[in-house]
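The following report goes through one protein model, beginning with its pocket and ending with its backbone geometry. Please keep the sequence and the 3D view at hand while reading.

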Amino acid sequence: MSSLKSDFNELMERIKAGRDFGHASFEPIFYLVFSPASILEVKRQTSAWEAKLRNDGWSVHKFSIAEEIQKILDAAPLKKIWIVADSKEPLQWEKTNKALANALTNGSLQERLETVLRKLEGQRNTILLVTDVEALHPYMRIGSIESQLQGKFHVPTVFFYPGVRTGKTQLKFLGFYPEDGNYRSVHVGG
């Protein structure tokens with residue numbers, strides 16, 4: 001099994017080289033695929049990778065899925081109702097997760113990522129790191145967001161993806177979701 005360090009270095013070489021010719025539509029979307037058991041190690045390495053990228057001349061931007069989900073849920077109009085309902089039935093996880101999923105699957109997370117991508121468009125030597133992808137569980141998977149943003153990726157965008165690679169374009173989110181081959185990205189690691 002490859003190491004996170006070597007996978008990250010390979011990823012950066014691929015970004016520098018660009019995607020293979022022959023793709024119908026070139027978008028600089030990359031996935032650093034790693035075992036779910038390595039989530040904490042990836043978090044520890046992220047600041048070192050950011051520093052390395054800056055030293056290599058990149059303008060590094062980060063989009064934390066976990067932080068954005070927290071902002072969306074904090075601003076949700078139904079938040080007070082959720083808290084009251086949860087305090088009355090604290091073990092009703094299915095209801096809680098359904099309410100939270102409704103707040104996230106309405107496009108608000110996608111819109112936030114799209115806003116960042118729009119701001120970065122046209123900036124040279126810019127890279128966007130999308131972290132904390134595991135925070136989407138159990139609400140949704142990143143592939144659904146990626147597909148809705150087709151045509152909007154103009155700077156190299158790296159998704160830190162905890163999962164298992166089962167083919168050139170197939171991934172299993174967190175290692176236990178069903179395989180999903182609806183990715184248009186380059187996958188390294190996994």
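## Pocket, helix packing and backbone

The largest pocket has a volume of about 330 Å³. The model is predicted, and local features need pLDDT of at least 70, side-chain atom pairs count only at pLDDT 80 or more, while totals for chains, interfaces and linings use all residues. Residues are numbered from 1 along each chain as its sequence is written, and side-chain values use heavy atoms, with hydrogens and water left out.

A pocket here is an open set of points on a 1 Å grid over the protein atoms alone, where a 1.4 Å probe fits and protein lies on both sides within 12 Å along at least five of seven lines; lining residues have an atom within 4 Å of a point. The volume is the space filled by probe spheres set on the points, which are joined across faces, edges and corners. Of the 16 residues that line the largest pocket, Trp82, Ile83, Asp86, Thr96 and Leu100 lie nearest its centre. Two or more lining residues come from each of α3 (65–75), α4 (79–88) and α5 (93–104), where helices (H or I, at least four residues) and strands (E, at least two) are DSSP runs numbered from the N terminus. The most is given by α5, with 6 residues. By class, the lining has 7 nonpolar, 4 polar and 5 charged residues; Ala, Val, Leu, Ile, Met, Phe, Trp, Tyr, Cys and Pro count as nonpolar, Asp, Glu, Lys and Arg as charged, and the others, Gly among them, as polar.

In α3, the buried residues (under 20% relative accessible area, with exposed meaning over 50% and partly exposed in between, for a 1.4 Å probe and protein chains only) are Ile65, Glu68, Ile69, Ile72 and Leu73. They are on the same side of α3 because they cover an arc of only 135° around the axis, the arc being that of the directions from the helix axis to the C-beta atoms. These buried residues pack against β2 (59–64), α4, α5, α6 (108–120), β3 (126–131) and α7 (142–148).

Relative accessible areas for four residues outside α3 are set out below.

| Residue | Location | Relative accessible area |
|---|---|---|
| Ser64 | strand β2 | 5%, buried |
| Ser108 | helix α6 | 16%, buried |
| Asp132 | loop between β3 and α7 | 17%, buried |
| Asn125 | loop between α6 and β3 | 45%, partly exposed |

Leaving aside neighbours within four places in sequence, Ser108 is in contact (heavy atoms within 4.5 Å) with Ile72 and Ala103. With the same neighbours left out, Ser64 is in contact with Thr131 and Asp132; Ser64 and Thr131 are 67 residues apart in sequence, yet 4.8 Å apart in space, C-alpha to C-alpha.

Most residues other than glycine have a negative phi, and most peptide bonds are trans. Asp132, however, has a positive phi of about 60° although it is not a glycine, and the phi of Asn125, likewise positive, is near 55°. A cis peptide bond, with omega of about 5°, joins His137 and Pro138, and Pro138 lies in the loop between β3 and α7.

For the chain overall, there are 7 helices and 6 strands, which run from the N terminus as α-β-α-β-α-α-α-α-β-α-β-β-β. Of its 190 residues, 43% count as buried.
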